[in-house]
Amino acid sequence: MNTINHLYYLYLNPLIDANKYSTIAAWSLAIARALAASKVDPQQVFAEVGLNLQQLESAPNSRIAIEQMTSLWRYAQQVTNNDAFGLCVGQYAYPIHFSELGSLLINSETLAAAFETLPHYGPLVSNSAAVSLQRTPTLLGFTITPLNGVEISHLAIDAFFASLMLLGKQMIGQQTLVKKVDLQKANVTNPATWERFFSANVEFNQAQNCMWMDRAILEQPVAHRDQHLARQKESSVQQYLTQMQSLSWREKTSQGIHTLLVDQQPTAAKIAQMFNISERTLSRYLQLEGCNFRQLLANKRLELAHHYLVNTPIAINCLSDTLGYTSVSNFSRSFQKWTGQSPGCYRKQHQQNRE
C-alpha cells in the first residue's frame, strides 16, 4: 500500500474519523436573527452552506457539525461584510434557546456560580473547545481554547463572550462587569468596535481567548432566582448531555484525548477520570469495541500531525511538543512508521501537490 493510499485508508478508518464535534443548533438561530437584523435573508445564507433554517427552528436542541457551523459563520461574515458580526449575534443568543442551560444559569445564586457551571456544561453549547476559568484576587477569567486541529470561527468566540456579558447584565443590572478581553484574532478593521461593546480594554493577537470579569460583581446575589427551578433545570441539562454524549467509548476517549492535548499529556487515567470510571473499566470498554487507549492516542496524534503539517507553518520541533512527544526524534520515528515518510518530506510533498 503506497503512502497516499495508506493515509486515505487511515482517514476512512473509524478509529480515526470518530470525533463528532458539534454545536447546539440554537447558535445558528441567533445567527439567523442577526442576519435578519442586518437586512440579509437568513434562509438563503443557510441554504448556501447546506442547512435548512426551518428544520433548525423546529429543533433548536439538535446538533450541527462544527465544520458546517464554521462555514455558516464564514459566509455570514462575508455577506454582512462585518468582522464584528459575532458581537451582533451575541445580542440575539437568548438564554431560553439554549436547552435548559439558559434557565439553569439565570436561576443560579450568583453570576459566579453560573459561570462556574459552564466548564462542566460547556459541551452542551459546543464540544469543540475547552472551556476553563482563571482566577486572580479580583478577576475571574472565562477562557475558550479551540481544540487542536478543530477550526472554530473567531466570530463564534466573540458571540459567546458577548452573550455571557449580556446575560450577566440581565441578571444583575447594568454594571461594568467586564474589565478586559483578550482575543487570539488579529488584523481587525476597527478595534474600537470591540472596546465600545464590552466597555473595556480589548487586546488582539493574544495567546488566549479570555474575558476577564470583576469577581466582586460576580459574587452579588441574583434577584428573583428560583432555587427549585434551578435544581430541576440542572437535572434536565444533565439528561441532555447524557443523550448528546451517547457515543461509543472509542469516540468519547478520542474526544477526551483531543481535549487534553490542548495543554497536557493525555493518559488513560486522566480520560477515565473525565467519565468517573476506573482506568481498568475504561480499558475493558475499549477492548469490547476492538481498540485500546494506545491506538486511539496514536491515531489522534497522526490526525493532528497531518493537520498541522499540511495546513500550518508550525516548526516540527514545536509540533512534537504540541503532540506530547518527549523528543523530536520520537515524533519523527513514529510519523515515519505511520506514513513511510519523515514529517519534513510529508509536508514538502503536500505543498508540491497544492502547487
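In this predicted model, E303 forms a salt bridge with K300, and the closest N and O atoms of the two side chains are 3.2 Å apart. Both residues belong to helix α16, which covers residues 293–311, and they are separated by 3 residues, or about one turn of the helix. E303 has a relative accessible area of 15%, and because anything under 20% counts as buried, this residue is classed as buried. K300 is buried too, for its relative accessibility is 1%.

This pairing is one of 5 salt bridges that the structure holds. Side chains of opposite charge can pair when their charged atoms come close. Another example joins E151 to R74, with a distance of 2.8 Å from N to O. Here the partners come from distant parts of the chain, 77 residues apart: E151 sits in the loop between β4 (139–146) and α9 (154–172), while R74 is part of helix α5, residues 66–80. R74 has a relative accessibility of 42%, and it counts as partly exposed because this value lies between the limits of 20% for buried and 50% for exposed.

A further salt bridge is found between D158 and K185, whose closest N and O atoms are 2.6 Å apart. This pair also links distant parts of the chain, since D158 lies in helix α9 and K185 in the loop between β5 (178–182) and α10 (192–198), with their positions 27 residues apart. Both D158 and K185 are buried.

Helix α5, which carries R74, can also be followed to a neighbouring helix. The axes of α5 and helix α2, the latter made of residues 26–37, come within 11 Å and cross at roughly 10°. Angles under 35 degrees count as roughly parallel, and therefore α2 and α5 are described in that way. On the α2 side the contact is made by W27, S28, I31 and L35, and on the α5 side by M69, L72, W73, A76, V79 and T80. Sorted by class, the residues of this contact are 8 nonpolar and 2 polar, with no charged ones.

It remains to ask how confident the predictor is along the chain. The mean pLDDT is 79, and 78% of the residues reach 70 or more. Over residues 1–19, however, pLDDT stays under 50, and the model has 31 contacts beyond four places in sequence for this stretch. Residues 223–238 likewise have a pLDDT below 50, with 23 contacts in the model beyond near neighbours in sequence. Where pLDDT is low, the predicted coordinates should not be read in detail.

Notes:
Residues numbered from 1 in each chain as written. Predicted model: local features only at pLDDT ≥ 70, side-chain atom pairs only at ≥ 80, totals over all residues. Heavy atoms only, no water. Salt bridge = Lys/Arg side-chain N within 4 Å of Asp/Glu carboxyl O. Helix = DSSP H or I, 4+ residues; strand = E, 2+ residues; numbered from the N terminus. Buried < 20%, exposed > 50% of the residue type's maximum accessible area, 1.4 Å probe, protein only. pLDDT = per-residue confidence, 0-100. Contact = heavy atoms within 4.5 Å. Axes fitted to C-alpha atoms, helices over the stretch in contact; angles between N-to-C directions. Parallel < 35°, antiparallel > 145°, perpendicular 65-115°, else oblique. Nonpolar A, V, L, I, M, F, W, Y, C, P; charged D, E, K, R; others polar.
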